[in-house]
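Hi everyone, thanks for making time. I'd like to walk you through a structure that is new to most of you, so let's have a look at it together.

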Amino acid sequence: VKPLSKLMEIYYNSVGSNANFLLNIPPTPEGRIHEKDMETLLSMGAQLEIDFNENLAEGSVITDNRHLDAEHTGQMALENDSDKYWHSGDNPDGSELILDLGDEYDIDKIVLGEHIRTGQQIEKFTLYAQIKGKWKKLASETVIGHKRICRFDEIRVRYFKVVIEKARCFATISKFEAY
């Protein structure tokens, strides 16, 4: 049985990197999940509830430097509707989304997601936070896909920026969350 810390590490490195989380929990000879496994999974669920308790981006504002049309602006990345998303248009490289939380908060995770029904398009992106008026790079990653969890040391911040460095045909973001 893996300890909770190891399971959380596996979760962040798999689900947080646009992959599946394979638990590998076999049933007992009686066809049940072992009590130790159940305890660990319940603990993991509780930890995830703590880690993702409040999305501080809800009710915030996102601006962008380009979008396909009025129905696909950066603000759509904050909608809780799978049919609403930001779309870069035909020239995605260099596209920027700036999240304004409205106030400073202590944050250590940004969760991004592409509008996966239009395909996985983003090949490289960079995440920044504005600290003392200057943009500081927090992460430079490859794909976003269904879900990318960018983790970093906790910082007190109001603004985040995502820059699409490289995409196939266009870029989409349907999820932009802050924890």
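I'll go through helix 1, the pockets, the salt bridges, and then a few single residues.

One thing up front: what you have on screen is a predicted model.

Okay, let's begin with helix 1. Which residues of helix 1 are buried? They are Leu 7, Met 8, Tyr 11, Tyr 12 and Ser 14. As for what lies over those buried residues, the cover includes helix 2, strand 3, which runs 96–113, and strand 6.

Staying in helix 1, have a look at Lys 6 and Glu 9. Their side chains form a salt bridge, with N to O at 3.8 Å. How far apart are the two in terms of helical turns? They sit three residues apart in helix 1, so about one helical turn separates them. A bit of background on that: an α-helix has 3.6 residues a turn, so residues three or four places apart point the same way. And is this pair out in the open? Lys 6 is partly exposed, at 35% relative accessible area, and Glu 9 is partly exposed as well, at 41%.

Now the pockets. The largest pocket holds about 340 Å³ of space. Its lining is made of 18 residues, and the ones nearest its centre are Glu 79, Asn 80, Ser 174, Lys 175 and Glu 177. If you sort that lining by class, you get seven charged, six polar and five nonpolar residues.

The second largest pocket comes in at about 170 Å³. Here 13 residues do the lining, and closest to the centre are Lys 2, Leu 7, Leu 23, Asn 24 and Ile 25. You'll remember Leu 7 from the buried set in helix 1. Which elements give two or more residues to this lining? Those are helix 1, residues 4–14, and helix 2, residues 35–51. Helix 2 gives the most, with three residues. By class, this lining has nine nonpolar residues, two polar and two charged.

On to salt bridges. In general, side chains of opposite charge can pair when their charged atoms come close. In this model the count is eight salt bridges. You've already met one of them, between Lys 6 and Glu 9.

Next, please find Glu 123. Glu 123 makes a salt bridge with Lys 166, and the closest N and O atoms are 3.0 Å apart. Glu 123 is in strand 4, residues 122–131, while Lys 166 is in strand 6, residues 148–167, so this pair ties together parts that are 43 residues apart in sequence. Glu 123 is partly exposed at 25%, and so is Lys 166 at 43%.

Glu 123 has another partner, too. The side chains of Glu 123 and Arg 168 meet in a salt bridge at 3.1 Å, N to O. Arg 168 is in the loop between strand 6 and strand 7, so here the parts tied together are 45 residues apart in sequence. Arg 168 is partly exposed, at 46%. Put those together and you have Glu 123, Lys 166 and Arg 168 linked in a network of salt bridges.

Now for the single residues, and I'll take His 87 to begin. His 87 is in strand 2, residues 86–87. Is His 87 buried or exposed? Its relative accessible area is 10%, and the cut-off for buried is under 20%, so His 87 counts as buried. The His 87 side chain reaches the backbone nitrogen of Gly 89 at 2.9 Å. Setting aside neighbours within four places in sequence, His 87 has contacts including Arg 66, His 67, Leu 68 and Phe 170.

Thr 73 is in the loop between strand 1, residues 61–64, and strand 2. With neighbours within four places left out, Thr 73 is in contact with Asp 64, His 67, Tyr 85 and Trp 86. So His 67 is on the contact list of Thr 73 and also on that of His 87.

Last up, some backbone angles. Most residues other than glycine have a negative phi. Asn 18 has a positive phi of about 65°, though it isn't a glycine. You'll find Asn 18 in the loop between helix 1 and helix 2, partly exposed at 23%. Lys 132 also has a positive phi, near 55°. Lys 132 lies in the loop between strand 4 and strand 5, and at 81% relative accessibility Lys 132 counts as exposed.

That's my tour, thanks for listening.

How values were computed: Residues numbered from 1 in each chain as written. Predicted model: local features only at pLDDT ≥ 70, side-chain atom pairs only at ≥ 80, totals over all residues. Heavy atoms only, no water. Helix = DSSP H or I, 4+ residues; strand = E, 2+ residues; numbered from the N terminus. Buried < 20%, exposed > 50% of the residue type's maximum accessible area, 1.4 Å probe, protein only. Polar contact = N/O pair within 3.5 Å; in protein donor to acceptor, adjacent residues only side chain to side chain. Contact = heavy atoms within 4.5 Å. 1 Å grid on protein atoms, 1.4 Å probe; cavity = no way out; pocket = protein on both sides within 12 Å on 5 of 7 lines; lining within 4 Å. Points joined across faces, edges and corners; volume = space filled by probe spheres on them. Nonpolar A, V, L, I, M, F, W, Y, C, P; charged D, E, K, R; others polar. Salt bridge = Lys/Arg side-chain N within 4 Å of Asp/Glu carboxyl O.
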